[in-house]
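Got the viewer open and a cartoon on screen? Let's walk through it stop by stop, picking out one piece at a time.

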Amino acid sequence: MNMASVKKVQNHMDGQWVDSTGTEIEAVPNPATGEIIAVVPLSAKADVDRAVEVAQRAYHTWSEVPVPNRARYLYKYLQLLQEQKEKLAQIITMENGKTLKDARGEVQRGIEAVELATTTPNLMMGDALPSIAEGIDGTIWRYPLGVVAGITPFNFPMMIPLWMFPLAIACGNTFVLKASERTPILAGELVELFYEAGFPKGVLNLVHGGKEVVNSLLEHPEVQAISFVGSEPVARHVYQTGTAHGKRVQALAGAKNHALVMPDCHLEKTVQGVVGAAFGSSGQRCMACSVVAVVDEIADSFMDALVAETRKLQVGDGRLEQHFVGPVIREVHKDRVLRYIDSGVEEGATLLVDGRQVETDASGYFVGATIFDNVTPQMKIWQDEIFAPVLSVVRVKNLEEGIELTNQSRFANGAVIYTSSGKHVQHFREKIDAGLIGVNVNVPAPMAFFSFAGNKASFYGDLGTNGKDGVQFYTRKKVVTERWF
Ligand code: NAD
């Protein structure tokens, strides 16, 4: 492959674009066409050392900037992001493949995370209790940590970095971002606009690369905390290595999200919800619905409607409005997905809609919407995160069996119930093991003022991203007990 004519993305340190010192590079294709749109450097430990040094230096002055003034920089950033919404969505579609409609939704969710960060003067406030004993007051004060690093996945190139650095920086930290090497272009745009908003240099730094960059950050003595979002094995590694090096770590991991369909649901809206959640963004969402447990009584009519709706979905380049299912991220990922579909057939599930052969541009990495019926928890397609538009359906006798089955998953990110019964909802909420629960909503991703994290193998850490958890994660406390004579 001739990559000489393709733009090589750069790192950003101390307010400037700089070349990586790493010798390896990786091509970044548009997943819808296979065309190489950029080249990303796999940076070296020396690049990380420099970025952390710069961030550490900037921390001394940035942490002294009054909290409302820090928030004011973010108002300007927010305005620039709003102005560039369409451009940002177009970049997401080009490098990630998701449809423009999905990309626009992601841009909006990213902007909401920045909105949250602008409220830091409120969120960072401590607590006070006068007169905890005679003449003694107690107070809690919040302070930044120092240099924080963020490591992000390919599937939300805008929203997930924006879950991290605006809030961390508003809390007075400085930041080193290691964006996904599969979607590096949008990360560069976020940094460009950040400095256009007037932030002092060195507050946000960007180092492109893969595991060498990640491991250097995990081991660096000056990095105080790590925010990670990505697949389960890497999240576990990041949590174990980061904490072993004395860091605070939040590691949001993989998922296998379940929906439970009750006989008293609104059938049409339930089918629409499941189709959107399973096949939107080509199933490459950590909150994608990948298993449906449907109660026998409604199973046949639900399946007929689900299959009919799914067959209408068009697959292809996400820039064209008629396409609902875009490509998956890489050719190797597509091959992995096809092997999972083969395995479902071999293990005896009923393949109702087969996405292996799709009529679309052959140079892109397309897999069509796929539905298996009669899946069991023993099958790999039930157990593993496939991260693609592949939906497994399990038939269950009742609510109890549906919950019991869902709770067998090693993941526990999101779970949704479709029903018109408050009693069912109450029971589901109490018994289901999931960090993010939905009731008659397709993707139960909360707004940024709520915290976000799963349970079990979907999350390693204590404090999730966003909301009050996010502020707690990016700050340390001092508790003062004082008496004056
Ligand atoms: P990934 O784990 O492959 O990559 C995530 C980050 O880790 C990237 O920056 C990558 O460079 C780095 N990385 C990859 N392999 C590494 C290794 N061996 N050592 C050190 N670092 C490594 O994830 P992805 O494929 O980019 O993203 C999809 C995954 O992210 C899915 O599993 C999805 O469920 C998960 N995800 C979870 C959430 C959540 O909120 N729980 C949100 C979005 C995505």
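Start by selecting helix 3 (residues 85–96) and helix 4: they cross in a right-handed sense. Bear in mind that you are looking at a predicted model. The axes of the two helices sit 8 Å apart, and the packing angle is about 125°. That angle makes helix 3 oblique to helix 4. Now switch on side chains at the contact. From helix 3, show Lys85, Leu88, Ala89, Ile92 and Thr93; they meet Leu100, Ala103, Arg104, Glu106 and Val107 of helix 4. Colour them by class and you get 6 nonpolar, 1 polar and 3 charged residues.

Keep helix 4 (residues 100–118) on screen and add helix 2 (residues 67–83): here the axes come within 9 Å and cross at roughly 160°. Helix 2 and helix 4 are therefore roughly antiparallel to each other. What is the handedness of the crossing of helix 2 and helix 4? It is left-handed. To see who does the touching, pick Ala71, Leu74, Tyr75, Tyr77, Leu78, Leu81 and Gln82 on helix 2, then Ile111, Val114, Glu115, Ala117 and Thr118 on helix 4. By class, that contact of helix 2 with helix 4 has 9 nonpolar, 2 polar and 1 charged residues.

Next, the hairpin. Select strand 5 (residues 127–133) and strand 6 (residues 136–144), which run antiparallel and are joined by 4 bridges. Between the two strands are 2 residues, and in the turn glycine 135 has a positive phi of about 75°. For a landmark on the ladder, find alanine 128, which stands opposite threonine 139 in strand 6.

Stay on strand 6 and bring in strand 22 (residues 475–483). These two are antiparallel as well, with 9 bridges between strand 6 and strand 22. One facing pair to label here is aspartate 137 and, in strand 22, glutamate 482.

Now for the open sheet of 7 strands. Click through them in the order 14-15-16-13-12-18-19, and note that the pairing is mixed. Which strands are the edge strands? Strand 14 (350–353) and strand 19 (436–439), each pairing on one side only. On average, neighbouring strands of this sheet are turned by 20° against each other, direction ignored.

Zoom in on strand 15 (residues 370–373) and strand 16 (residues 390–396): they run parallel, and 3 bridges join them. Phenylalanine 372 is the residue to click, since serine 392 in strand 16 stands opposite.

Then add the helices that pack on the sheet. Helix 11 (residues 296–311) touches strand 12 (257–261), strand 13 (289–295), strand 14, strand 15 and strand 16, and its direction makes about 145° with that of strand 13. Helix 15 (residues 422–431) touches strand 12, strand 18 (414–418) and strand 19, and its direction makes about 165° with that of strand 18.

Last stop: the ligand. How many residues surround the ligand? There are 27, and the closest are Pro153, Gly230, Ser231, Gly254 and Cys286. Highlight helix 8 (211–219) and helix 9 (232–244), the elements that give two or more residues to this shell. Finish by colouring the shell by class, and it divides into 12 nonpolar, 11 polar and 4 charged residues.

Methods. Residues are numbered from 1 along each chain as its sequence is written. This is a predicted model: local features need pLDDT of at least 70, side-chain atom pairs count only at pLDDT 80 or more; totals for chains, interfaces and linings use all residues. Axes are lines fitted to C-alpha atoms, for helices over the stretch in contact, and angles run from 0 to 180 degrees between N-to-C directions. Angles under 35 degrees count as roughly parallel, over 145 as roughly antiparallel, 65 to 115 as roughly perpendicular and the rest as oblique. A crossing is left-handed if the near helix is turned anticlockwise from the far one by less than a right angle, and right-handed if clockwise. Two residues are in contact if their C-beta atoms, placed from the backbone, lie within 7 Å. Ala, Val, Leu, Ile, Met, Phe, Trp, Tyr, Cys and Pro count as nonpolar, Asp, Glu, Lys and Arg as charged, and the others, Gly among them, as polar. A residue is near a molecule or strand if its C-beta atom, placed from the backbone, lies within 6 Å of it. Two strands pair if DSSP finds at least two bridges between them.
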